[in-house]
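Reader: I would be grateful for a close look at a single part of this protein, with the elements around it and the terms defined as they arise.

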Amino acid sequence: MAGPAMIENRTFDEIEVGDTASVTRTLEPEDIQLFALVSGDVNPAHLDAQYAATDMFRHVIAHGMWGGGLISAVLGTQLPGPGTIYLDQSLRFRRPVAPGDTITASVTVVEKRAEKKILILDCRCANQHGEDVITGQAQVIAPGEKVLRPRAELPDVRLNDHDKYRRLMELAGGSDPVPTAIVHPCSEAAITAALDAAQAGLIAPILIGPDAKIKAAATAASRAIDGFRIVPVAHSHAAAAKAVELVRTREAQLVMKGSLHTDELMGAVVSSATGLRTERRISHAYVMDVPGRPTPLIITDAAINIAPSLEEKADIIRNAIDLAHVIGMEAPKVAILAAVETVNPAMPSTLDAAALCKMADRGQISGGILDGPLAFDNAVSEAAAREKGIVSEVAGHAEILVVPNLEAGNMLAKQLTFLGGADAAGIVLGARVPIILTSRADSLRTRLASCAVAVLMARAVTPAAPGLPGGKSA
């Protein structure tokens, strides 16, 4: 068995004039993002392709010191290597470096000064065409003692660049803001969420709640609400009822939760007499932005249905498929999760999964590709599915995860958020209009993504069929 990779220096006495060493690296877009993260240099010439297209070089370029860092890497790991003390460095930047360029950084010893073990080295970074991009000279103190150490293993770093949410924002933008009933925006977080979405051009807020409390929340948040419609009511219960009324009279096309409990809002929504129910079961979905995944991941239901029946799960899936269509998934792959990937009569979730797949075969659930039961690993990992011998269009490629119950969904979404660095934009489906659920802990990006998803859903609803996207009947 091979031992660990080692790193070894060259002492002053071992080095001769003319000695050289080099390192080669291809610049990836992620390298630019990581350098910006570490340095704080967010110059749009490096990070904003639209701006860079108007700049001097007409494309994104690397930070100049990224190349300087390659020179430092050669000095610190090869020549002279560990124990080197950097004294001075000159750099001249001759050409830009763009993503995809392969840069070779090399150093060559041109002078030795024995009295202080000082080395002078010419430094050069050249691209794949042999053209100089950086030249300069370094002055270092070379080590006097030999060093041989295991080479440090670098961490596996993954960037969550939130491109998926950015695309949702782009899809939702460009049209008139959607009138939105904001239910009891009587806290700093609630009023801020509504006004941020308005500022982004997504919604036109209708602020419903006690007038004094709404204004006090705006003052506390240092936000102006002049020009926004306020519908004064006595308390949060009345705010929820009024929001539902505004939807029924078509004054609002969305509902957004403010500083009241979800149960209080949903009580007004599901009221059989005055609510917003359709023939569909109301359900909740998270649109997750998970690092490392190319598309959003929908998890349902993690907030409304505690222990859904087979019939209720069918509606939960129908709602999620409608959502997937609206955000650009033509035939979403739906994984019905259980603890195992085989049908076990002792595990009701596996029986439900099998029945739901047969319902899809018979056309009772349409618009997506269903498979289940699937365990979480073989739903999202192609390697895990292959290891289990599962042959399926869905296994390893799931875009919608249907959980067996609310507890499982809640835990899964929060594990991805707090341990996996994911963002979770929440929305309630199956009512006459989408309902935006935000949390005080949500970032601005997540709140806006929730609103963007709701706006896309609202725009997909035809006036003739206010319950569901695409003109379908409830």
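Author: The account below begins with one helix and the loop it meets, and then turns to the wider setting.

The model is predicted: local features need pLDDT of at least 70 and side-chain atom pairs count only at pLDDT 80 or more, while totals for chains, interfaces and linings use all residues. Residues are numbered from 1 along each chain as its sequence is written, and side-chain values use heavy atoms, with hydrogens and water left out.

The part chosen is helix α10, residues 310–326, which holds Asp315. Helices here are DSSP runs of H or I with at least four residues, strands are runs of E with at least two, and both are numbered from the N terminus. Asp315 has a relative accessible area of 11% and is therefore buried; buried means under 20%, exposed over 50%, and partly exposed in between, with a 1.4 Å probe and protein chains only.

The side chain of Asp315 has two polar partners to describe. A polar atom of this side chain lies 2.8 Å from the backbone nitrogen of Arg281, and a polar contact of 2.8 Å links the side chain of Asp315 to that of Arg318. Such a contact is a pair of N or O atoms within 3.5 Å; within protein, one atom must be able to donate a hydrogen and the other to accept it, and residues adjacent in sequence count only if both atoms are side-chain atoms. Leaving aside residues up to four places away in sequence, Asp315 touches Glu279, Arg280 and Arg281, where contact means heavy atoms within 4.5 Å.

Arg280 leads to a further residue, Thr278. Thr278 is placed in the loop between α9 and β12 (283–289). With a relative accessible area of 16%, Thr278 is buried. A polar atom of the Thr278 side chain is 3.1 Å from the backbone nitrogen of Arg280, and this side chain also reaches the backbone oxygen of Gly430 at 2.8 Å. Arg280 thus connects the two descriptions, because Arg280 is touched by buried Asp315 and its backbone nitrogen lies 3.1 Å from the side chain of Thr278.

Before that loop comes helix α9, residues 262–269, whose buried residues are Glu264, Leu265, Met266, Ala268 and Val269. These residues pack against two kinds of element: the helix α8 (236–248), and the strands β8 (178–183), β11 (254–257), β17 (423–429) and β18 (435–437).

Helix α10 also has a helical partner. Two packed helices are described by the angle between their axes and the distance between the axes. For α10 and helix α15 (residues 444–460), the angle is about 95 degrees and the axes are 9 Å apart; axes are lines fitted to C-alpha atoms, for helices over the stretch in contact, and angles run from 0 to 180 degrees between N-to-C directions. The two helices are therefore roughly perpendicular, since angles of 65 to 115 degrees count as such, under 35 as roughly parallel, over 145 as roughly antiparallel, and the rest as oblique. Asp322, Leu323 and Val326 of α10 meet Val453, Leu456, Met457 and Ala460 of α15. By class, this contact has six nonpolar residues, one charged residue and no polar residue. The nonpolar class comprises Ala, Val, Leu, Ile, Met, Phe, Trp, Tyr, Cys and Pro, the charged class Asp, Glu, Lys and Arg, and the polar class the others, Gly among them.

The loop between β13 (297–300) and α10 contains Asp301. The peptide bond from Thr300 to Asp301 is cis, with omega near 0 degrees. Most residues other than glycine have a negative phi, and most peptide bonds are trans. A second cis bond runs from Leu79 to Pro80, with omega near 5 degrees, and Pro80 is found in the loop between α4 (64–77) and β3 (85–93).

As for the records, an unreviewed UniProt entry carries the annotation "domain: Phosphate acetyl/butaryl transferase" over residues 239–454. UniProt positions are in the numbering used here, feature names are shortened, and annotations may be inferred rather than shown by experiment. Over residues 239–454 the chain is 39% helix and 18% strand, with the end C-alpha atoms 20 Å apart. The unreviewed entry also gives "domain: MaoC-like" for residues 22–117; over that range the chain is 34% helix and 27% strand, and the end C-alpha atoms are 22 Å apart.
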